[in-house]
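Thanks for coming. I will take one chain today and go through a few places in it. Please have the viewer open.

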Amino acid sequence: MEIVESIEEIPVQNPQIEDFSWADLTWTKFGTSEHHDEVALIPYSRVDEFIIGECSNAECPTRFHIERGRKRSRGSLKEYKSDEYLEYRLYWCSFGPENYGEGGGVLPSRKYRLNTRNRAARPQSMRGCTCHFVVKRLYARPSLALLIYNERRHVNKAGFVCHGPLDRDAIGPGAKKIPYICNEIQQQTMSMIYLGIPEENVLEKHIEGIQRYCGSDATVDSLASQYVHKLGMIIKRSTHELDLDDQASIKIWAERNKKSIFFYQESSETDQFMLGIQTEWQLQQLVRFGHCSLVAADLTFGIKRLKYPLCTLLVFDSRHHALPVAWIISRSYLKSDVTKWMKILLQRAQSIDPGFKINGFIIDDAATEIDPIRDTFCCPILFSLWRVRRSWLRNVVKKCDSLEVQRDLFKCLGELVYSIWDGVDTKKALERLTQDFVDQTAFMQYFTSTWLPKIGMWLSAMKSLPLASQEACGAIEAYHIKLKVKLFDDTHLGALQRVDWLVHKLTTELHSSYWLDRYADESDSFQNVKEEYIASTSWHRASEIPESAVTLDESNVLVAKVQSQRDSDVTRVVWNPGSEFAFCDCAWSLQGNLCKHIIKVNTMCENRKGYGDSMSLRSFKEKLRNIKMKPMDDSIALDLSMALTLQMFDQIKQLVRLSGTNDISNIVNDLPVKWGCKKGRTTIGIPASIAAFTKKRIQKRKR
């Protein structure tokens, strides 16, 4: 095969079949005699079909994941070669590149028959496969993709086949007949077992998965049954207690699960214990749903009951449900410590997508240090009221017996928060609260001891930071409730003071639950799981209530009624409608939660006479008013304020239009054309050799 030095001499190939692999292409040696690669040119729109074809290799069926990626924007290069990339993706076989065998070099395999009483070896592990290829979207020709196959064979560093039917060292007897189990099937099976689904149902879904790669066969079904049974036994026998000493147990777990840890700091005289957990799947979700979107934090979970408080970073998925993408276990909230793990987390996301950034960060604790967030993510910070509302409502219901007193007291607490925008003195609002409900000694004792010393700090945070919407608050609260149910089970109360137990629960049951929720929603399978996942937030449950079931009395704006959808004879009463501090008499609300009836009533109260604005809208109007009132004279500050306001207005208008359209092409056609800079336009389309020669001549003239 002759070596080609110009990419212009390589023909563009477009196979007629739907999915194609390397065998359907003609490969060309591209480069120099010292260094060259086997390459092929295909349309960029057919890259996914090539990857699917490579995954369907009969000898070594697999999946390919993006090991590394980079992007450039058009016009960023003044000079470029013909093979420069606009987008760069390194795809690696999912059985590599690491080798998780014993010692890193020996595969976890057995050539003898397994004793049924012995625990099986790892049924699915990374075998050190070196097969990988590169996809370059060409800078000069964006419609084409350059495929570079660095290693075509599915072999390890020693040159032996390391997975698939041809692998001699596969796990268990009959290696050539072992069905292929990809990461997706294994994670699905493990998630179902962790969630307590019966083994018969797990086996049925497992066989459906492997039959996508090998047909129906009695031997395959038998091996699949053995696999599910052994995997279930391994999970049942697994324990969080790797050592009697909790600190030593966590150290052992950290050494075994390095790929799931992004930050680890042992406790010492100078440093406090810190553990940051993020699996590969969570990292993918952070990049997918967090880029140019919001990230929220449930900051102080278990601060009284757990050995170390748990901080969870959340993103909002395609259904606007809160999805955990990282867990941080630590008691330290110092700026230096928070900055450490935040920067590492950002670097980890940018290693997948170099352009990764977030547009906002939601906090729920007024004592949070916001400087590390602004310095690391360089984004606005929003404040969520869900923790304040939940704490006050739970204690109002718990410590006050009369329903009438409960709703009046909760309304008065809401007026205390609203006073920061109404121009009412906070001290007077507090005096009114203590005087009107002086007979409620149990609640007032709780409020004066817990909240009164820090109420100024919380109200200041609410006034200085923009407030998050009720939908975001409801999603964060739904995650908090699910986490509480998973962790604070009565059978585990004795282990609350062990960190290894907390890590085990997070990385097994909770992680599997959210993975299966997302998988069921995206693949349209596990209908029961999908329905429960969709209806897991009060915001979605509120959207299912028809407006005809809600009664708003214009003569009495203090009360609204919602007819139950399950029992038409039951009617829920919502007091103080239109406010975040509305009070409902349903069981879910009386537990301190934001119920669907309040959300439905509040959404209908918007833009109606007699009802005030929500707190998030008041906060937004206050920020706009501050920008408008800041310049006191006809100065540059006025121009800057006007420019910022118009920029914000345009962005909001585009978002509203985007969310309300059914055809995105109409919006794309109306977008303005973005020209490259003048210097960049002069070299676009000019061959790199001519551009470089011109630059050298200019430099010589200057000298």
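A word on the annotation before I use it: UniProt positions are given in the numbering used here, and annotations may be inferred rather than shown by experiment. With that said, the unreviewed UniProt entry lists residues 571-606 as "domain: SWIM-type". What you have on the screen is a predicted model. In that model the span 571-606 is 39% helix and 19% strand, and its end C-alpha atoms lie 22 Å apart.

Now the whole chain. It has 703 residues, and 46% of them count as buried. There are 24 helices and 18 strands. Of the contacts between residues at least 6 apart in sequence, 66% join residues at least 24 apart.

Confidence next. The average pLDDT is 81, and 84% of the residues score at least 70. Two stretches stay under 50. One is residues 171-176, with 15 contacts beyond four places in sequence. The other is residues 678-694, where the model also has 15 such contacts. Where pLDDT is low, the predicted coordinates should not be read in detail. I will leave those stretches there.

Let us go to helix α6, residues 280-290. Of its 11 residues, 8 are buried. Those are W281, Q282, L283, Q285, L286, V287, F289 and G290. What do they pack against? The partners are four strands, β9, β10, β11 and β12, together with helices α7 and α15. Just after α6 comes C292, with a positive phi near 55 degrees.

One of those partners is α7, residues 335-352. This helix has 18 residues and reaches 26 Å from first C-alpha to last, close to the 26 Å expected at 1.5 Å a residue. Its buried residues include W341, M342, L345, L346, R348 and A349. An α-helix has 3.6 residues a turn, so residues three or four places apart point the same way.

R348 deserves a stop. Which side chain of opposite charge is nearest to this buried arginine? E280 is, at 6.7 Å, and R348 has no salt bridge. The cut-off for a salt bridge is 4 Å. Leaving aside neighbours within four places in sequence, R348 is in contact with K259, I261, F262, Q278, T279 and L283. L283 is among the buried residues of α6.

Back along the chain to I250, in helix α5, residues 246-256. I250 counts as buried because its relative accessible area is 2%, and the cut-off is under 20%. Its C-alpha is 5.5 Å from that of D500, which is 250 residues away along the chain. Beyond four places in sequence, I250 is in contact with Y264, F273, V499, D500 and V503.

Last, two residues with positive phi that are not glycines. F526 has a phi of about 50 degrees and is in the loop between α15 and α16. Is F526 buried or exposed? Buried, because its relative accessibility is 11%. N576 has a phi near 60 degrees and is in the loop between β17, residues 571-575, and β18, residues 583-584. At 18% relative accessibility N576 counts as buried too, the cut-off being 20%.

That is the tour. Questions, please.

Key
Residues numbered from 1 in each chain as written. Predicted model: local features only at pLDDT ≥ 70, side-chain atom pairs only at ≥ 80, totals over all residues. Heavy atoms only, no water. Expected span 1.5 Å × (residues − 1). Buried < 20%, exposed > 50% of the residue type's maximum accessible area, 1.4 Å probe, protein only. Lys, Arg positive; Asp, Glu negative; His and termini not counted. Contact = heavy atoms within 4.5 Å. pLDDT = per-residue confidence, 0-100.
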